Amino acid sequence: MRILVTGGAGFIGSHLIDRLMEQGHEVLCLDNFFTGRKENVLHWWGSPNFELIRHDITEPIRLEADQIYHLACPASPIHYQYNPVKTIKTNVMGTLNMLGLAKRIKARFLLASTSEVYGDPTVHPQTETYWGNVNPIGIRSCYDEGKRVAETLSFDYHRQNGVDIRVARIFNTYGPRMLENDGRVVSNFIAQALRGIPLTVYGSGDQTRSFCYVSDLVEGLMRLMNGDFIGPVNLGNPEEYTILELAQSVQAQINPEAEISFKPLPQDDPQRRRPNIERAQHHLHWQPTVPLAEGLRMTIQDFQARVTPAGPATPN
Ligand code: NAD
Ligand code: UDP
Ligand code: UDP
């Protein structure tokens, strides 16, 4: 098959491309390199099955493909808040363009949505039937509300134009190739511990997240794309940790003496997050297999090659 991956030079997109290329598909990687890096897909350069296209999805484009994995969108709070209007344009105009493309070429379209559509959830763990608790005017809204509109657009193109859609709600995912300066908690803690500077815990550290290793997530995305269930479906690891527990896990693997420093909690930071994955288990026969300690070990190995004690400071 010929498969288009928008945001393919990013963290999740590049791991997805690895799997698709290994299966022998033709892959079009489309990216504007805002947070993606050519290095993430450089190992496929020169393969006749691989094509890299520099393009911003807020502009229309004409391509041919059988499937579209639509991942293009900055995902970490510091990146999506850097230019919030651009984040909304990417989610709304960008998704509209990709759905228009899918409609024209009759491609199956998978949207990488997010657990952020649940906002600061009042239902725990989060099921797909929960409509969420999102602040429409806060600093996270460009991303949360942007993805909610992207979901709405997907379902309206499905109902109105018969576009064959799949919607994944991805929960916090981590692994090799995360940017060491992207401000997300796993990359921050690992980079800080390797640099020998204190781990920055925001708030008291008793807020929770559930961390999914990237290979598990990619497997879930591919099962969703190639199955009959359109979603929305939660893809994430239901093992829930407080941020302080995560800091301790990183300390245990890198430096048990690493200091922790407490910083203010950002505005609208969700207090608890954990997926109910019964839908994914039932419809996709999928569940995560990589425990946190093992996933952290593989991520730390990747960071060790990039982060040195003398490296530039991590944003906090
Ligand atoms: P990432 O920032 O590494 O990847 C996003 C990619 O999209 C980058 O390569 C970036 O350059 C590209 N991009 C951004 N705006 C673009 C535009 N206007 N035109 C073309 N390309 C553009 O992030 P990621 O963690 O790999 O996330 C991939 C997708 O998964 C995103 O849609 C994100 O919202 C979703 N997601 C990720 C997580 C997570 O924990 N990583 C959780 C929930 C949802
Ligand atoms: N679009 C695109 N590539 C295509 C087909 C459509 O980028 O191959 C864009 C198109 O420019 C439009 C959007 O997708 O802005 C929605 O397309 P649709 O055909 O649904 O709407 P219309 O063009 O009729 O407004
Ligand atoms: N966080 C933290 N220290 C950091 C970065 C993040 O304590 O250096 C916290 C953040 O406040 C949030 C959680 O870790 O409660 C997850 O943050 P991240 O930005 O990774 O993802 P998201 O908030 O989008 O789930």
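This is a short guided tour of one protein chain and two of its ligands, with something to select at each stop. Keep in mind that you are looking at a predicted model.

**Stop 1: the whole chain**

Start with the entire protein chain in cartoon view. You should find nine helices and 13 strands. Turn the chain around: along its principal axes, the C-alpha trace spans about 55 × 45 × 40 Å. How does the radius of gyration fit a compact globule? For 316 residues such a globule would come near 20 Å, and the protein chain has 19 Å, which agrees.

Now think about what lies inside. Buried residues account for 46% of the 316 residues. Contacts also reach across the sequence: among those between residues at least 6 apart, 80% join residues at least 24 apart.

**Stop 2: the nonpolar core**

Next, select V5, I68, F109, A168, F189, L221 and V250. In the largest nonpolar core, which has 77 residues, these touch the most other members. Which helix gives the most to this core? Helix 5 does, with seven residues.

Keep L221 on screen and show what surrounds it. Leaving aside residues up to four places away in sequence, L221 touches L16, Y69, L110, A168 and L235.

**Stop 3: strands 4, 5 and 6**

Select residues 108-114, which form strand 5. Is this strand mostly covered or mostly open? It is mostly covered, with six of its seven residues buried.

Add residues 67-70, which are strand 4; this strand pairs with strand 5 in the parallel sense, over four bridges. To see one place where the strands face each other, pick Q67, which stands opposite R108 in strand 5.

Then add residues 165-170, strand 6, which runs parallel to strand 5 and is joined to it by six bridges. Two bridge partners are good to click on here. F109 is partnered by I165 in strand 6, and A112 is partnered by A168.

Stay with strand 6 and show its side chains. I165, V167 and R169 point one way, while R166, A168 and I170 point the other way. Why can we call this strand largely enclosed by the rest of the structure? Because six of its six residues are buried.

**Stop 4: around ligand 2**

Select ligand 2 and the residues around it. Its surroundings are P60, I61, R62, L96, N97, G100, L101, K103 and R104. Colour them by class and you get four nonpolar, two polar and three charged residues.

**Stop 5: around ligand 3**

Move to ligand 3, which has 16 residues around it. Which of them come nearest? They are R184, V185, N188, T200 and Y202. By class, this shell holds seven nonpolar, six polar and three charged residues.

Now highlight helix 5 (185-195) and strand 8 (199-202), each of which supplies at least two residues of the shell. Strand 8 gives the most, with three residues. Helix 5 is familiar from Stop 2, where it gave the most to the nonpolar core.

**Stop 6: a walk through the loops**

Finish with some single residues in loops. First pick P48, between strand 2 (26-31) and strand 3 (50-54). Is P48 buried or exposed? It counts as exposed because it has 6 C-beta neighbours inside 10 Å, and 12 or fewer is the cut-off for that label. Draw a distance from P48 to E26: the two are 22 residues apart in sequence and 8.2 Å apart in space, C-alpha to C-alpha.

Now look for two cis peptide bonds. One runs from H124 to P125, with omega near -10°; P125 sits in the loop between strand 5 and helix 4 (141-161). Another runs from G231 to P232, with omega near 5°. You will find P232 in the loop between helix 6 (214-226) and strand 11 (233-235).

Lastly, check two backbone angles. D268 is not a glycine, yet it has a positive phi of about 60°. Look for D268 in the loop between strand 13 (260-263) and helix 8 (278-284); it counts as partly exposed, with 15 C-beta neighbours inside 10 Å. H285, also not a glycine, has a positive phi of about 50°. This residue is in the loop between helix 8 and helix 9 (292-304), and H285 is exposed, with 9 other C-beta atoms within 10 Å.

Key. Residues numbered from 1 in each chain as written. Chains lettered and ligands numbered in written order. Predicted model: local features only at pLDDT ≥ 70, side-chain atom pairs only at ≥ 80, totals over all residues. Near = placed C-beta within 6 Å. Nonpolar A, V, L, I, M, F, W, Y, C, P; charged D, E, K, R; others polar. Rg over C-alpha atoms; globule rule 2.2 N^0.38 Å. Buried ≥ 20, exposed ≤ 12 C-beta atoms within 10 Å, placed from the backbone. Contact = placed C-beta atoms within 7 Å. Core = buried A, V, L, I, M, F, W, Y, C linked by C-beta atoms within 7 Å. Pairing = 2+ DSSP bridges.
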